[in-house]
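Q: Pick one part of this model and give me a close look at it, then walk outward from there. Keep it relaxed, but spell out the cut-offs as you go.

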Amino acid sequence: MPKLKKVCFSLIFLLFHLISLAQDSPKKGKEIRIDSDLEEIDEATYPGALIMRKMDNQVYIQHEGIKMWCDLAFHYQEENFVKAYGNVRINQGDTITMTSRYAEYNGDTQFAYASGQVDMQSPTATLSTDTLYMDRIKQEAFYRSGGTLKDTASTVVSKIGRYFMEQDKYSFIQDVVLTNPEYVIDSEQLDYFSNPGHAYLYGPSTITSDSSVVYCERGFYDTHADIGYFVKNSRIDYDNRTVYGDSLYFDRNNNFASATNNIKVVDTANNSVIRGHYAEVYKAKDSVFITKRAVAITKQENDSIYIHGNRLVVTGKPDDRIVRAYPNVRIFKKDMSGKSDSLVSDQHSGLTKMLGNPILWNGRSQMTGDTIHLKSDPKTDKLDSLKVFDNAFIAQQDSIALSSDPQDLGYNQVSGKTLYGMFKENQLYQVDVVTNAESIIYQRSEEGILQSIDKGKSASLQINFEDQEIVEVTKRKDVVGNAYPLSKFPKKERSFPGLNWRGDEEILKKEDIFKGDQPYELAIIKGIPPPQIEEDFFATNNEDKPQELPEVSELNPEDLENREEDAPKIGIPVNDKATIQRDSLAPQVLPQPGKLKKEKVKKNILKNRKDQ
């Protein structure tokens, strides 16, 4: 045969062979392979299907790395489609195993559907539901008829769920409840990474246990380590105490919580509030530490007492609370204010101790001494009495200056070893000075005319006040002294050595308790960003309609529609190239209990966090 004829014959043979292969192979994807003990065809009942049954061994199905076993299978070769019944088991690699009563699989789209007691096992958890859709190309599974996820730490139930296999991440929406032996989490939307046990809460969410209730609208919780981080309208309820803050950290194992920025601790048992910008709460010890413009506010019937210090520490059970403030303490009340280096207030007994250079202002009176004690009625919180120990000194600027010279002012003055004061309706009405009492009193007529200046000594004396003005001074025992007209009373005799008038420091309104403090800038908080919303689970054609199903499928086209009610309500859509890295949102810096005692350490807490 001529050489040219041989070449033409070979090309024609090759062409027919390629055409034959193309006709024999499926139009899309690789062919599903099935092995079984028994095969049969029943075109009258199951047209186009190869029926495969279990005898000694289950029917075995393979396709593109997926393996299936079942008791009965219908293989539709033309559609590259299989329906499996009875004890269905599907394996994908070494990671996913799914069991069900029924399943179907499309070899062209690599889309699987399972129903009837569906259990999907990953290396870290088991998902149970009634119906489950799996897209092997996307490596995602989806349910919307209710499901339950169980791992070693928790159980999560929700109406709708989506599993991202490559990230080992679950996204739950609608009626989401995570149950742990120690607590229950209810959330509108929850993302869960099963291996580390990390849960991200979005929308109104609560974590409820026997000892506390946490609320937030965006938060993170480590279900294995039992620690959490919460932002956006977050709070923690501890019995009679509620902690609010822009950022909250929670450690269940140590009964510890910390808060940053715009903190409010409400104590309903004692009708008080503590504010500041950094706080630590130790529930087991019934203690609160707060700093950064810290102020304790005790509410009264028609008034409130404000106590400010660089640091506030509140300890004790509700019936035995003790407030400590230090240093740079300021007190404000409508009728009284004061300063000291430190303060201790026992809310059970009503006793408040001002320590270190204490000073009190009441009306136009100024009281100083080595230590000042204020006593309140624990039931009404009204002031009852005061004591000034050692070097007690009370001064009151006279109502009328002695001359036009601003330095030439008159001061009523009383000094002694100890001072006792009595209050009525929160106003000082009587003062007793005992031991080495000395006084300088400007005596005026009812018309306000200066009549004389009385200077003397006595063992003790009593001062009566009306409308915060001195109206009467009574000296007792060993009285020595005289009354002088102004013209015969030298300026150098008009004050005792202990007089140090500090009227310019008086706190006249509650905002002044921070006067002189360094300006404070809120810490920068790195919050938890909104979740990224993935593309719709079900693929659609160019007309936004579901992809076509084989006629023999148990599903209807509407079963593969993307419903608005099934989509997450909170989040930011992912663009075409965006990806969510596994557990990439976990907070990188979390404060730990017992490590925040020094100011230098506290300054580093959360300083790198950006706004929420």
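**A close look, starting from one ring**

A: Let's start with Phe 111, which counts as buried at 15% relative accessibility; buried means under 20% relative accessible area, exposed means over 50%, and partly exposed is in between, using a 1.4 Å probe and protein chains only. Before going on, the ground rules: this is a predicted model, where local features need pLDDT of at least 70, side-chain atom pairs count only at pLDDT 80 or more, and totals for chains, interfaces and linings use all residues. Residues are numbered from 1 along each chain as its sequence is written, and side-chain values use heavy atoms, with hydrogens and water left out.

Now the rings. Phe, Tyr and Trp rings (the six-membered one for Trp) pair if their centres lie within 6.5 Å; planes under 30 degrees apart are called stacked, over 60 edge-to-face, and the rest tilted. That rule gives 25 aromatic pairs here. One of them is Tyr 76 with Phe 81: the centres are 6.5 Å apart and the planes sit at 45 degrees, so this pair is tilted. Tyr 76 is buried at 5% relative accessibility, and Phe 81 is buried too, at 2%.

Back to our starting ring: Phe 111 forms a tilted pair with Phe 538, at 6.3 Å centre to centre and 45 degrees between the planes. Phe 111 belongs to strand E9 (residues 111-121), while Phe 538 is in the loop between strands E39 (532-533) and E40 (572-573), so the pair ties together parts that are 427 residues apart in sequence. Those labels come from DSSP runs numbered from the N terminus, with at least four residues for a helix (H or I) and at least two for a strand (E). Phe 538 is buried as well, with a relative accessible area of 4%. Both rings belong to one aromatic cluster, whose other members include Tyr 46, Phe 74, Tyr 113 and Phe 537.

Rings also meet charges. A charge sits over a ring if NZ of Lys or CZ of Arg is within 6 Å of the ring centre and within 35 degrees of the ring normal. Lys 424 puts its charged end over the ring of Tyr 429, 5.0 Å from the centre, and Lys 285 lies over the face of Tyr 282 at 5.6 Å from the ring centre.

Strand E22 (272-282) takes us on to the cavities. On a 1 Å grid over the protein atoms alone, a cavity is a set of points where a 1.4 Å probe fits but cannot get out, and lining residues have an atom within 4 Å of a point. Points are joined across faces, edges and corners, and the volume is the space filled by probe spheres set on them. Two cavities reach 30 Å³ or more, and the largest holds about 90 Å³. Its lining has 13 residues, with Asp 267, Ser 272, Ile 274, Val 314 and Gln 347 the closest to the centre. Strands E21 (256-267), E22 and E23 (287-299) each supply at least two residues of that lining.

Next come two covered strands. Two strands pair if DSSP finds at least two bridges between them. Strand E18 (residues 213-222) has eight of its ten residues buried. Strand E17 (residues 198-208) runs antiparallel to E18 and is joined to it by nine bridges, with Ile 207 opposite Val 214 and a hairpin of four residues connecting the two. E18 also pairs with strand E19 (residues 227-238), antiparallel over eight bridges; there Tyr 221 has Gly 228 as its bridge partner. The E18-E19 hairpin has four residues between the strands, and Asp 226 in the turn takes a positive phi of about 60 degrees.

Strand E32 (residues 371-376) has five of its six residues buried, so the rest of the structure largely encloses it. Strand E29 (residues 351-355) pairs with E32 antiparallel over five bridges, placing Met 354 opposite Ile 372. E32 also pairs antiparallel with strand E33 (residues 383-397), over six bridges, and His 373 stands opposite Lys 387. Their hairpin has six residues between the strands, with Asp 381 at a positive phi near 65 degrees.

Finally, cysteines: counting sulfur pairs within 2.5 Å as disulfides, the structure has zero. Cys 70 is buried at 0%, and Cys 216 at 2%.

Technical notes
1 Å grid on protein atoms, 1.4 Å probe; cavity = no way out; pocket = protein on both sides within 12 Å on 5 of 7 lines; lining within 4 Å.
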